[in-house]
Amino acid sequence: MESVAARARTGTAVLYRRWANKDQMVLAAIAHYRNSHPVAVPDTGSLSSASFVP
């Protein structure tokens, strides 16, 4: 938490007001990254057309 606070130029108390522990802060950072960098899922067709029974 100290290194994050130093990089953000704030105190650790400010971080702990928002996130109770480092785990919650990391999960919030991952969620933010996921939301700001969406991954396009390719359309590969339907399952029924991909599976066939001879």
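This note sets out several points on the predicted model shown above.

1. Overall fold. The chain contains four helices and zero strands, and its elements follow the pattern α-α-α-α when read along the sequence. Of the 54 residues in the chain, 7% are buried. The chain exposes about 5,100 Å², and carbon and sulfur atoms supply 59% of that area.

2. Helix 3 and its length. Helix 3 covers residues 22-36. Does its length agree or disagree with the expected span? At 1.5 Å a residue, the 15 residues of helix 3 should span 21 Å, and the C-alpha atoms at its ends are 21 Å apart, so the two values agree.

3. The start of helix 3. The N-terminal end of helix 3 is capped by N21. The cap rests on a side-chain oxygen of N21, which lies 3.2 Å from the backbone nitrogen of D23.

4. A nonpolar surface patch. V26, L27 and I30 together form a nonpolar patch on the surface, and their combined accessible area is about 280 Å². One of these residues, I30, lies in helix 3. As background, an α-helix has 3.6 residues a turn, so residues three or four places apart point the same way.

5. The loop residue R9. R9 is placed in the loop between helix 1 (2-7) and helix 2 (12-18). The phi angle of R9 is near 55°, a positive value in a residue other than glycine. R9 counts as exposed because its relative accessibility is 79%, above the 50% cut-off for that class.

6. T12 and its contacts. T12 is found in helix 2. Its relative accessible area is 29%, so T12 is classed as partly exposed, between the limits of 20% and 50%. Which residues does T12 touch, not counting those up to four places away in sequence? T12 touches M1, E2 and A5. For the pair T12 and E2, the separation is ten residues in sequence and 6.1 Å in space, taken from C-alpha to C-alpha.

Definitions and conventions
Residues numbered from 1 in each chain as written. Predicted model: local features only at pLDDT ≥ 70, side-chain atom pairs only at ≥ 80, totals over all residues. Heavy atoms only, no water. Patch = residues over 30% accessible without salt bridge, like charges linked within 9 Å, V, L, I, M, F, W, Y side chains within 5 Å. Areas by Shrake-Rupley, 256 points an atom, 1.4 Å probe, with all protein chains shown as cover. Salt bridge = Lys/Arg side-chain N within 4 Å of Asp/Glu carboxyl O. Helix = DSSP H or I, 4+ residues; strand = E, 2+ residues; numbered from the N terminus. Expected span 1.5 Å × (residues − 1). Polar contact = N/O pair within 3.5 Å; in protein donor to acceptor, adjacent residues only side chain to side chain. Buried < 20%, exposed > 50% of the residue type's maximum accessible area, 1.4 Å probe, protein only. Contact = heavy atoms within 4.5 Å.
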